[in-house]
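The following exercises concern strand pairing and aromatic contacts. Each task is followed by a solution in steps.

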Amino acid sequence: MRRNAPAAPLGTPLALGLGLATSLVLVAGCAPQGSDNSPPPRASSTKTPKAKKAPAPSGRTPDGTLLVADFGADTVTFIDPDRGAFDSVRVGTAPYGLVVGDDGRAWIATAEGVAVVDTGKRERIARIPYTTDGTGDATYGEYRGGGMGIALAPDGRRVYVGVNRPGGKGTVEAVDTRTLKVSGVAEVGRRPFDVDVSRDGREVYATDHDSFDVTVVATGSLRTRRIEVAPYGTEGGLGSWLKPHYAAVRPSDGKLLLPFEGERLVVLDPKTGRSRIETMTANTHQHGATITRDGTLLAVGTGPIDPAQDEGPSLTVRDPKGREKVIPLDGPHEDIAVSRDLHTAYVTGGFTRDGYWNGITVVDLDSGKTRRLAAGERPLGIAVL
């Protein structure tokens with residue numbers, strides 16, 4: 001069913017570049033909660049390079065290596081962006097999001113706790129159990145309990161992880177990166193898909209998928225404020241597809257950018273709780289989002305809700321003036337990272353629902369050309385080391 005045009009004041013982005021190829025993919029997104037306790041069978045619409053392990057580098061892990069969280073396994077995988085995967089480390093059940101600090105330690109949100117990996121030595125050095133009750137047994141699937149979104153404070157002293165309680169409200173747990181212990185817990189909304197930190201480190205933003213909101217957490221007191229984010233309304237509740245997924249903090253002013261359906265970009269001021277809606281052009285169900293230091297937003301389109309009216313998977317590249325280039329992708333994807341020179345994007349094929357595949361798509365952001373690279377098992381979170 002096609003959504004109506006936004007009634008809120010609009011920005012005036014110009015549509016640029018590449019059009020989308022129509023794709024009859026599996027329905028993508030966020031259907032009502034079920035009992036998905038094991039990874040579904042792999043489903044890929046095209047051929048993916050065979051997972052042939054590349055030789056491991058001697059010494060410490062090179063800069064530019066990719067690290068992905070293997071949601072379909074208990075590992076993170078290290079990937080040479082030219083030659084493919086070369087090593088993996090066991091971290092815990094169904095790892096979801098990950099973040100890497102300047103010290104080279106990676107923090108991974110698993111179903112069991114936050115795993116800590118020395119990426120230079122490629123060794124797990126700790127796993128910190130959650131203190132949130134009601135997460136259930138460590139298991140797999142889109143609705144499994146445990147860690148989801150994760151973010152690192154600007155000063156590196158705290159990691160913040162969104163913890164899902166199946167069937168109930170979630171939490172954000174603050175982890176002290178020196179003591180490797182949970183230092184505080186804040187109640188947030190349902191299924192915190194994504195977690196972000198303000199530029200000054202004073203606030204954490206949990207994007208709560210199943211409660212149509214963003215929870216603002218003051219890092220000093222752990223007090224919370226709820227801001228509804230529902231540009232299509234909340235009709236349908238848990239059964240709605242039109243819910244927030246991922247956000248990005250804009251470097252220029254600290255506002256949150258939340259893409260919806262390749263049609264609407266919610267620009268949220270977390271200080272005032274006010275938002276406006278700008279137009280997007282991809283017309284596809286959107287999940288992962290990131291923003292570069294120059295303010296370019298990248299948003300992953302997973303595919304259509306209604307194949308008769310919506311477009312296929314894509315990557316939207318939106319410049320700070322709102323001009324968009326939409327690059328078609330082959331098959332569903334979930335999350336994204338960008339190379340340090342800003343010329344290449346790496347988009348994970350893991351996807352939180354059926355239709356995932358075991359690799360990443362490497363996207364040349366200048367030409368729009370893409371290639372597939374086998375990498376990990378159902379990779380979701382990704383970072384460039």
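**Exercise 1.** Determine in which sense β17 and strand β18 pair, and over how many bridges.

*Solution.* β17 and β18 (residues 256-260) are antiparallel and share two bridges; two strands pair if DSSP finds at least two bridges between them. Strands are DSSP runs (E, at least two residues), numbered from the N terminus. One bridge partnership links A248 to L257 in β18. The model is predicted: local features need pLDDT of at least 70, side-chain atom pairs count only at pLDDT 80 or more, and totals for chains, interfaces and linings use all residues. Residues are numbered from 1 along each chain as its sequence is written, and side-chain values use heavy atoms, leaving out hydrogens and water.

**Exercise 2.** Place β17 and β18 in their sheet.

*Solution.* The open, antiparallel sheet has four strands in the order β17-β18-β19-β20. At its edges stand β17 (248-249) and β20 (275-279), each pairing on one side only.

**Exercise 3.** Describe the aromatic pair of Y232 and F260 and its surroundings.

*Solution.* The ring centres lie 6.4 Å apart and the planes meet at 50°, so the pair is tilted (centres within 6.5 Å; under 30 degrees is stacked, over 60 edge-to-face, the rest tilted). Y232 lies in the loop between β16 (224-228) and β17, and F260 in strand β18, so the pair ties together parts 28 residues apart in sequence. Y232 is buried at 17% relative accessible area, and F260 is buried at 1% (buried is under 20%, exposed over 50%, partly exposed in between, with a 1.4 Å probe and protein chains only). Finally, the charged end of R264 sits over the ring of Y232, 4.0 Å from its centre (CZ of Arg or NZ of Lys within 6 Å of the ring centre and within 35 degrees of the ring normal).

Terms used
Rings of Phe, Tyr and Trp (its six-membered ring) pair if their centres lie within 6.5 Å; planes under 30 degrees apart count as stacked, over 60 as edge-to-face and the rest as tilted.
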